[in-house]
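Take a moment to turn the model around on your screen. Then let's walk through it together, starting with the empty space inside.

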Amino acid sequence: MKVLVIGGGAREHALCRSLSQDPAVTELHCAPGNAGIAQVATVHPVDQLDGARVTALARGLGVELVVVGPEAPLVAGVADAVRAAGIAVFGPSAEAALLEGSKAFAKDVMAAAGVPTARSYVCTTPAEAAEALDAFGAPYVVKDDGLAAGKGVVVTSDREEALAHAAACEQVVIEEYLDGPEVSLFAITDGSTVLPLQPAQDFKRALDGDQGPNTGGMGAYSPLPWAPEGLVEEVLATVLQPTVDELRRRGTPFSGLLYAGLALTSRGTRVIEFNARFGDPETQVVLARLRTPLADVLHASATGTLDQLEPLRWDEGAAVTVVIAAEGYPAAPRTGDPIEGLAEAEAADGTAYVLHAGTKAAEDGRVLSAGGRVLSVTATGAGLAEARERAYRAVERISLAGGQHRGDIALKAAQ
């Protein structure tokens, strides 16, 4: 199978790494890719939001499967353009991707499907926002209705900060605060069959102890030793399958990756948000534990044949990923700095490796930082403690001027 992956972050590097290890994949391409992806796939410069150009590239390469990584191309209809050309594509239509593209749309789908979630108000004026904030009280949860690269949510006890965030957005969803630990659960679906993956937990705040500004994610781990027994089965029955069934009933079937961000509250499991693609950095640890070859699973989703797959196989061990971010991230990340020690960080036995996020190759062969989140250093082990120790040992071997990372990824869970 010839495969083309769309995107250029650490999530796409994780996807490309898994696909490159799949014997069924004879040719692997990525557009636009990054310096790390170029080591496992042929990279091509392309505007990932331009469906016509992506389709032309896929046709020219003769690929049999296109995997769309990021949310923006999905909401822009790139998967629709590729699908219309008769090429199998992993990723939902623009209409179905509104599940991530609009928080208000997601709330409407959840209400119709009976999916448990936070009570909320959709607000378009400062007066409506103020009224909603007062209705729920602190801590305030204010979400930009549209795409915001994982940084459109403000959770604060400062009413003025909450109002300011609402005022900066065209439309917001203001909702009740959900207590309890958060879980990310991915599911691959073809619009009917839903195949849940292993749960993970990510770390959104920039600093140790969940302090500092919200980010796109500073690290993740899997499995979750503290998660209640039967969680995956419960979420499949009460969240994932009802959502997929409701979208199919509406005539907008969802095929691809459905990501449920969950809060395990004192009143039961609640959906915080849906995403329409693999999450970053959770993908890095989930795919690190997947033993079933990836290409056939993604192709089955794209062709409506998931019900014919054998059950997924998983490594019994653990995986941890630690994000190295640029100086100034998330507000104003500095780019263009050389990155040293990448080869030294990789373990010969494959138990620790570096996934590139915001990187580019310089003309002299050096790897330079080119984004806010620069690298995802990923490691596996028999348990979380071993995976964590290997990940941080690899992190220490990497040098990036002004680089920052959290020191407490998976710390509590490993104890």
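About 60 Å³ of space sits in the largest cavity of this predicted model. If you go looking for cavities of 30 Å³ or more, you'll find just one in the structure. How do you spot such a place? Rolling a probe the size of a water molecule over the atoms shows where empty space is left.

So what lines the largest cavity? Going along the chain, you meet Leu99, Lys103, Ala106, Lys107, Met110 and Lys143, and then Val173, Glu175, Ile272, Glu273 and Phe274. Three elements give two or more residues each to this lining: helix H6 (103-113), strand E9 (172-175) and strand E17 (268-275). Of the elements, H6 gives the most, with four residues. As for character, the lining is a mix of six nonpolar and five charged residues, with no polar ones.

Now stay with H6 and see what else it touches. H6 packs with helix H9, which covers residues 231-249, and the two axes are 9 Å apart. How do the two helices lie relative to each other? Their packing angle is about 100 degrees, and angles from 65 to 115 count as roughly perpendicular, so H6 and H9 are roughly perpendicular to each other.

Zoom in on where they meet. From H6 come Phe105, Val109, Ala112 and Ala113, and facing them from H9 are Pro242, Thr243, Glu246 and Leu247. Sort the residues of this contact by type and you get six nonpolar, one polar and one charged. H6, then, is in contact with H9 and also helps line the largest cavity.

Notes: Residues numbered from 1 in each chain as written. Predicted model: local features only at pLDDT ≥ 70, side-chain atom pairs only at ≥ 80, totals over all residues. Heavy atoms only, no water. 1 Å grid on protein atoms, 1.4 Å probe; cavity = no way out; pocket = protein on both sides within 12 Å on 5 of 7 lines; lining within 4 Å. Points joined across faces, edges and corners; volume = space filled by probe spheres on them. Nonpolar A, V, L, I, M, F, W, Y, C, P; charged D, E, K, R; others polar. Axes fitted to C-alpha atoms, helices over the stretch in contact; angles between N-to-C directions. Parallel < 35°, antiparallel > 145°, perpendicular 65-115°, else oblique. Contact = heavy atoms within 4.5 Å.
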